[in-house]
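Here is a walk through one protein chain, written for someone meeting it fresh. Have a look at the sequence and the model first, then read on.

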Amino acid sequence: MDEALLPIGQFARLGRLSIKQLRHYDELGLLVPAYVDEHTGYRYYLHEQARDALSIGLLRSLDVPLAVIAKVLSGRPGVLEGCTSGWKPSWPSAGRRRPRSSAS
């Protein structure tokens, strides 16, 4: 086995996902392990897959559906067109600043 492969537990910590989530994402084809041991079924991942794992975790924390995440990770141009139509941020604009209070 290649030493560059990370066991599922180590990859889960690196990608800030649970082992259960990784298994689920594998079943969906969203984040497929680089190698699965044919005798034990144990999953191994590459360091390069950590970016996708972190992206999935971030997007899920924002309640983005897995189907949309799959489109985002596909890398196809234009997959996000129309996703923000009608969307307005719920936080103040970065250009506006709160007035400073005068110190006495």
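## A first look around

Lys 20 is exposed, because its relative accessible area is 69%; exposed here means over 50% relative accessible area, buried means under 20%, and partly exposed is in between (1.4 Å probe, protein chains only). Lys 20 sits in helix 2. Its C-alpha atom is separated by 9.9 Å from that of Ile 8, and the two residues are 12 apart along the chain.

Before going further, a word on what you're looking at. This is a predicted model, where local features need pLDDT of at least 70 and side-chain atom pairs count only at pLDDT 80 or more, while totals for chains, interfaces and linings use all residues. Residues are numbered from 1 along each chain as its sequence is written, and side-chain values use heavy atoms, with hydrogens and water left out.

The pLDDT score is the predictor's confidence in each residue, from 0 to 100. The protein chain averages 86, and 76% of its residues score at least 70. Among the elements, confidence is lowest in helix 4 (residues 66-74), with a mean of 91, and highest in strand 3, at 98.

**The overall layout**

What does the secondary structure come to? There are 4 helices and 3 strands, and from the N terminus on they run β-α-α-β-β-α-α. Helices (H or I, at least four residues) and strands (E, at least two) are DSSP runs, numbered from the N terminus.

Buried residues make up 24% of the 104 residues in the chain. The accessible surface comes to about 8,300 Å², with 52% of it belonging to carbon and sulfur atoms; these areas come from the Shrake-Rupley method with a 1.4 Å probe, and for residues only the protein chains shown count as cover. Of the contacts (heavy atoms within 4.5 Å) between residues at least 6 apart in sequence, 47% join residues at least 24 apart.

**The sheet**

The 3 strands form an open sheet in the order 1-3-2, with antiparallel pairing. Strand 1 (5-7) and strand 2 (35-36) are at the edges with a single partner strand each, so one side of each has no neighbour in the sheet. Two strands count as paired if DSSP finds at least two bridges between them. Strand 1 and strand 3 pair over 3 bridges, and strand 2 pairs with strand 3 (residues 43-46) over 2 bridges. On one side, Pro 7 has Tyr 44 of strand 3 as its bridge partner; on the other, Val 36 stands opposite Arg 43 in strand 3.

Helix 1 lies across strand 1 and strand 3, at about 95° to strand 1. Axes here are lines fitted to C-alpha atoms, for helices over the stretch in contact, and angles run from 0 to 180 degrees between N-to-C directions.

**The inside**

Which residues touch the most other members of the largest nonpolar core? They are Phe 11, Leu 22 and Leu 31, in a core of 16 residues. Helix 1 (8-15), helix 2 (19-28) and helix 3 (50-61) each supply at least two residues of this core, and helix 3 gives the largest share, 4 residues. A nonpolar core is a set of buried Ala, Val, Leu, Ile, Met, Phe, Trp, Tyr and Cys residues joined through side-chain atoms within 4.5 Å.

Not counting residues up to four places away in sequence, Leu 22 touches Ile 8, Phe 11, Ala 12, Leu 17, Leu 31 and Tyr 45.

Asp 26 lies in helix 2, and it counts as buried because its relative accessibility is 17%. With the residues up to four places away in sequence set aside, Asp 26 touches Leu 31, Val 32, Pro 33 and Arg 43.

**Positive phi values**

Most residues other than glycine have a negative phi, and most peptide bonds are trans. Here are three residues with a positive phi.

| Residue | Place | Phi |
|---|---|---|
| Arg 16 | loop between helix 1 and helix 2 | near 55° |
| Gly 41 | hairpin of strand 2 and strand 3 | near 75° |
| Asp 63 | loop between helix 3 and helix 4 | about 65° |

The hairpin that holds Gly 41 has 6 residues between its strands. Are the other two buried or exposed? Arg 16 counts as exposed because its relative accessibility is 71%, and Asp 63 is exposed too, with a relative accessible area of 64%.
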